[in-house]
Amino acid sequence: MPRPPAAGEVTTIGVEPRAPARASGPLESAGDAAAVAMGALWLVLLALILRPRIFVSNDSVSNYVHVWWIAERLWHGHGLPIRFPALASGRALAYPYGFVPWTFAALLWPLLGDRATTLMLVVGAVAMLGSTFFAFPEVRRGWRAATVLANPLAVAAIVLGQGPFLWGVSFLLLAVAAWRRRRPGLAAVLAGIGALTHAAVVLPLLLMLCALGWVLSDGDDRPALVRAAAVACLIAAPGVVAVAASPVMAQTDTPTKVVELAGTLAERLVVIAVPLLLIAMGRLRSRAWAPAAFVVILLANPVLGPYFGMHYGWLALRRTPNTALVPFIRSSEFVPGATYRILRAADGKIGMYQLVRNGAVIDSELFPESIHRKSYRTAEEYSTFLRDRRVDYVLAFHNYDEFWHTNEHALLERLASANGCTPTTVGVVLIHRDARFDGYRIARRCAPGG
């Protein structure tokens, strides 16, 4: 049986349980300077994200709409909601994930409004970095710290607005820290909270880490690892149920779900993989590997940026929410309580948030898979889609056609020119047209004799 660690001693994963000796010299001093510089850049980045009331990036607005609804119900005496009737034609959940950060932001809503959600995003980023260095003290200084701070996936998570993931992985990293300090009970609870926060991504990451721990640990640690994993999975079970019950799961075919999940896991795994690799590489005799690793990771940011959609994310640092839809919402053409389908590009889904805040129902969740951007083979197929989603109005922006190149707008025009519905096609009436978008009223069922 291995010797129990002394109080405060940190055990490691895959390397000998000892802290690396601190060398001195020009190379190490340069590493410290690089770490300080990267830390300063992170402070500037977080300050820029905190500046706007709403940080409109690739994935951020989904957080705002859910936090708003949770706060509305919570602060009007209805408690924490289960359903979110303004999304997915009334079928959405208030918490498809994000229980901890969204509840935290909703509690602060009376004081900060939408800024509570922005704060939640920034706190999540700080927690992710802090928990990384707490879980892996071997990477706290020098080139290793600079490399962790330059991790393109860590940068992408905050710039793209992936708040629930930031919080979920922070709890998972805190669980790693607890496990390495021989506190398996605390590790199980923290891991469970992390997986509950983002079950679709953090739970698989947790199971991967457990598998790695099983391989690298001796036989005496494995029963405790299994027990901790079981407790964590039990805590995460409500999150798994929420993911399975979310409308986007029914709206997406199995191959798409598998491909999207695999791609997302491969990306998010890098947040944890980088410090683990740095610890493993610390066994190399040459000291030159550390600055080389930093340069490689730093250069990976512009290389991988286009793949992650970082161009739109970086522009969010100086973007203000688009208000092109506000005049329509304030006009007599807008019908609160009706179900709207909005075809729009490059607004970060802020139009959906604006509609929901003013009493509309949206036909989808704010996930790209749920929005359902595609071409339809026939008008009958498209009509079936609109009827299934109970769509009353479609707002088709012209930039949607230019960006996504689907035939949906053309089908709306074709159906509008048909001047009436049939048993197999919906009726479409043009109600609004300007330089930015066209609005259509949908008659899902024909009137008698119509």
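**Exercise 1. Is Cys-210 buried or exposed, and which cysteine sulfur is nearest to that of Cys-210?**

Solution. This is a predicted model.
Step 1: Cys-210 has a relative accessible area of 15%. Buried means under 20%, so Cys-210 is buried.
Step 2: The nearest cysteine sulfur belongs to Cys-233, 7.2 Å away.
Step 3: A disulfide needs sulfur atoms within 2.5 Å. Cys-210 is in no disulfide.
Step 4: Turn to the partner in that distance. Cys-233 is in no disulfide either. Its relative accessibility is 31%, which counts as partly exposed.

**Exercise 2. Find the disulfide and say which parts of the chain the pair ties together.**

Solution.
Step 1: Search the whole structure; one disulfide turns up.
Step 2: Name the pair. Cys-421 is joined to Cys-446, with an S to S distance of 1.8 Å.
Step 3: Place each end. Cys-421 sits in the loop between helix H20 (408–418) and strand E6 (427–433), and Cys-446 in the segment after strand E7 (437–443), so the bond ties together parts 25 residues apart in sequence.
Step 4: Check exposure. Cys-421 is buried at 13% relative accessible area, while Cys-446 is partly exposed at 30%.

**Exercise 3. Which residues touch the most other members of the largest nonpolar core, and which helix gives the most to this core?**

Solution.
Step 1: The core holds 120 residues. Those that touch the most other members are Trp-42, Phe-84, Ile-158, Leu-325, Tyr-340, Tyr-353 and Leu-355.
Step 2: Helix H7 (residues 163–180) gives the most, with 11 residues.
Step 3: Look at Tyr-340. Beyond its neighbours within four places in sequence, its contacts include Phe-328, Leu-355, Ile-362 and Tyr-393.
Step 4: Another core lies apart, with 17 residues, among them Tyr-376 and Tyr-440.

Note on methods
Residues numbered from 1 in each chain as written. Predicted model: local features only at pLDDT ≥ 70, side-chain atom pairs only at ≥ 80, totals over all residues. Heavy atoms only, no water. Helix = DSSP H or I, 4+ residues; strand = E, 2+ residues; numbered from the N terminus. Buried < 20%, exposed > 50% of the residue type's maximum accessible area, 1.4 Å probe, protein only. Core = buried A, V, L, I, M, F, W, Y, C linked by side-chain atoms within 4.5 Å. Contact = heavy atoms within 4.5 Å.
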